[in-house]
Amino acid sequence: MSFKTNNKVVQWVEDRLPLISMGHHTLYEYPMPKNLNYLWNFGSLAGFALVTMIVTGIILAMQYTAHVDMAFNSVERIMRDVNNGWLIRYIHMNMASFFFIAVYIHMMRGLYYGSYKAPRELLWQLGVVIFLLMMATAFMGYVLPWGQMSFWGATVITNLFSAIPVVGESIVTWLWGGFSVDNPTLNRFFALHYLLPFIIVAVVVLHIVALHTVTSNNPLGIDMKGPQDSLTFQPYYTIKDLFGLGVFLMLFAFFLFWAPNFMGHPDNYIPANPLSTPAHIVPEWYFLPFYAILRAVPDKLGGVIAMFGAIAILFVLPWLDRSKIRSCKFRPVARIFFWIFLANGLLLGWLGGQPAEEPYVALSRIATAYYFFHFLILLPIILPMIERPRELPSSIHEAVLKS
Amino acid sequence: MKKILIGFYAAALSLTSSVALASGSLIEIPKQEWSFQGTFGSYDKASLQRGFQVYKDVCSGCHSLDLVAFRNLADLGYNEDEIKAIAAEYTVEDGPNDEGEMFERNAIPADRFPAPFPNEKAAAASNGGKAPPDLSLMAKARHGGSDGDGADYIYALLTGYTDAPEEVPASTQRQFTGLFDFLSYKLFATEEEKKPIMEPLELGDLSYNEYFSGYKIAMAPPLSEDAVEYSDGTPATVEQMSADVSHFLMWAAEPKLEARKNTGVKVMIFLIIFTLVMYAAKRKVFAKVH
Ligand code: HEM
């Protein structure tokens, strides 16, 4: 069913630039496994969130002023005087959280069904790059309204780099563009916050190219063996993605219209004040698991290494997990540990929001140790010794018929 | 579908309140009922007007309201002439004129509320070293989360000037030395040992307030019975004035709340229909798949 047209103009363009047939291939005839569950909706939801962030972000940038004396009030002007400015800003604020929700579920789906295993290693790694870029973008975006949490969050996080031996202090000065978080810092954060989403778009394009080369994994974790195993993207997955989008947007609208500040922090409605430190400096909720890992290690440099290591380890995950079976459906032991890993991740998130006192510190240490244990010892060493996987079905088609 | 939605709504609401509590300190802020809460919530214009009167007659002596302009008072139900008259009661600095001089003139609706002090240092100097904070965003800047949390706090603060006790809970409570210490405390400590650590209260020039973090506030009780005379005849009790000014400050912090909820209801209705149609279409398309 390759692309054909009777329209002369379309054919003329097509002979010179095969855009339309490419679009046709990706959105119409691209074969998807026919047994996908709703966890496979979250990739397209993340894509929707990315576009929403870029569109609302550009509109906000038309009214925002990146200067320490004006940033806070320019945001309030958007909230009060710009037509529908409150709507645009609240969408941007809350969609950032929903973007992370979608991507976290998307990643957990990958972990459970072994979507990172051959031949999808590069696809997974591009995903990790997207995740890193998202975190950098979100962090810098949170600084822009120049409230108390913006300022102090920026101060705490940029200060982490001072832990690097010898050159640390110089790096921090270089990042700040001065000797403290100040106007030059705000200016460069704005420039980068505008830039990075477009780099994310570029990496997402690579992510999709890789996906279309290796095709989607599925809940059974076995390959598609022929047309009886697959469905074309249109109409099956366009319609399923649209239904998923509807549900996602209803949850989103609930927060957007009835609790728009629920996921934010009240202190960020106080203008930044370098002379007064807030009682608790907490990052946005989506950073909390990593923040907990950072604080779990008593040594500053060690904490920084652990925090970045927690993400870096995802890069090599395809080689740490030595089982040939992808889906946890057929891995009775790995499945149990998947849920323990998830619970541990949520625990880390909760701990990241608690003050740095006992018993939270001790618990953070245990949870951090477990996080690394899962990837470094459990997956490569223990599971291969104790797990006997269940038998795989011979094809997707057969498994679907049986159920 | 509807059941799921209602269930989600309820779950999300209960989550909102429990997390909001957890993010506060030891002090629990009592919940009040506000007309602007809930799915269809809106401001009560009579209360807003009374609250504005309290701000104008009492709070504005110390607190600025930088982000609010006189023209915004249209939201409270005042007409153009009334707003012009209110603005004209204030003088603002303008200039420089053609001679290069700054001059004073009566405020017009486009002006913002003038601040009581020329700068923060002056504000602090006249208030025992603590500058009264700007009130424009106060209702979102202390206890946030859901609409009303901030108004609850302002109401609690204004009605929280009670007789000072001898002792208050100390700012640093018992610190645990580790997980084991924590567990043995949770499991084995006696009621006596579990009581919060108290410290004697030394007020100095400050006032005791049971809802202010640290209990010692540099703002003397601003309201007393009949501090204002309401033009609509409502008796001006401390509770009434506190509720009205909290309502007013919520509006000052979130003037677009009504537009937000109205838009929300429409968007939600659209999304429910959209999602149901997509669900039906999805069922139909997949019915043929085996
Ligand atoms: C901007 C953020 C992202 C966007 C827009 C995005 C988009 C997508 C889309 C549209 C798909 C196909 C639909 C699906 O299988 O869900 C997909 C698949 C995939 N993504 Fe992402 N993604 C993002 C971030 C990530 C991240 C952070 C990771 C992991 C670290 C990741 C890993 C994967 C993997 C492994 C697949 C193939 C999954 C499978 O077929 O089982 N992605 N992505």
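## A walk from the ligand outwards

Start at the ligand and select A:Asn217: a polar atom of its backbone sits 2.7 Å from an oxygen atom of the ligand. Keep in mind as you go that this is a predicted model.

Stay with the ligand and bring up the helices of chain A around it. Those that give two or more residues to the shell are H3 (42–61), H5 (85–112), H6 (121–143) and H9 (183–214). Which of the elements gives the most to this shell? Colour H6(A) and you have it, with 6 residues.

Next, select A:His207. An N or O atom of its side chain is 2.7 Å from a nitrogen atom of the ligand. Then try A:Trp40, where the backbone does the job: one of its N or O atoms lies 3.3 Å from a ligand oxygen.

Now show the whole shell. There are 23 residues around the ligand, and those that come nearest are A:His106, A:Ser115, A:Gly127, A:His207 and A:Asn217. Colour the shell by residue type and you should get 13 nonpolar residues, 9 polar ones and 1 charged one.

Move along to helix H5 of chain A and pick A:Ser97. Is this serine buried or exposed? It counts as buried, because its relative accessibility is 2%, under the 20% cut-off. To see what surrounds A:Ser97, add A:Met263, A:Trp285 and A:Tyr286, its contacts once neighbours within four places in sequence are set aside.

Time to zoom out and show both chains. Where they meet, 46 residues of chain A are in contact with 54 residues of chain B. The two chains bury about 4300 Å² between them, and 74% of that is on carbon and sulfur atoms. On the chain B side, select B:Lys140, B:Leu179 and B:Arg260: these lose the most area to chain A, together 13% of what that side buries.

Last stop, the cysteines. How many disulfides does a search of the whole structure find? The count is 0 over all chains. Take B:Cys62 as one case: the nearest cysteine sulfur belongs to B:Cys59 and is 8.7 Å away, so B:Cys62 is in no disulfide, as a pair would have to be within 2.5 Å. B:Cys62 counts as partly exposed, since its relative accessibility is 31%. Hop over to A:Cys328 for another setting: at 4% relative accessibility, this cysteine counts as buried.

How values were computed
Residues numbered from 1 in each chain as written. Chains lettered and ligands numbered in written order. Predicted model: local features only at pLDDT ≥ 70, side-chain atom pairs only at ≥ 80, totals over all residues. Heavy atoms only, no water. Buried < 20%, exposed > 50% of the residue type's maximum accessible area, 1.4 Å probe, protein only. Near = heavy atom within 4 Å. Polar contact = N/O pair within 3.5 Å; in protein donor to acceptor, adjacent residues only side chain to side chain. Helix = DSSP H or I, 4+ residues; strand = E, 2+ residues; numbered from the N terminus. Nonpolar A, V, L, I, M, F, W, Y, C, P; charged D, E, K, R; others polar. Contact = heavy atoms within 4.5 Å. Buried area = accessible area lost by both parts, 1.4 Å probe.
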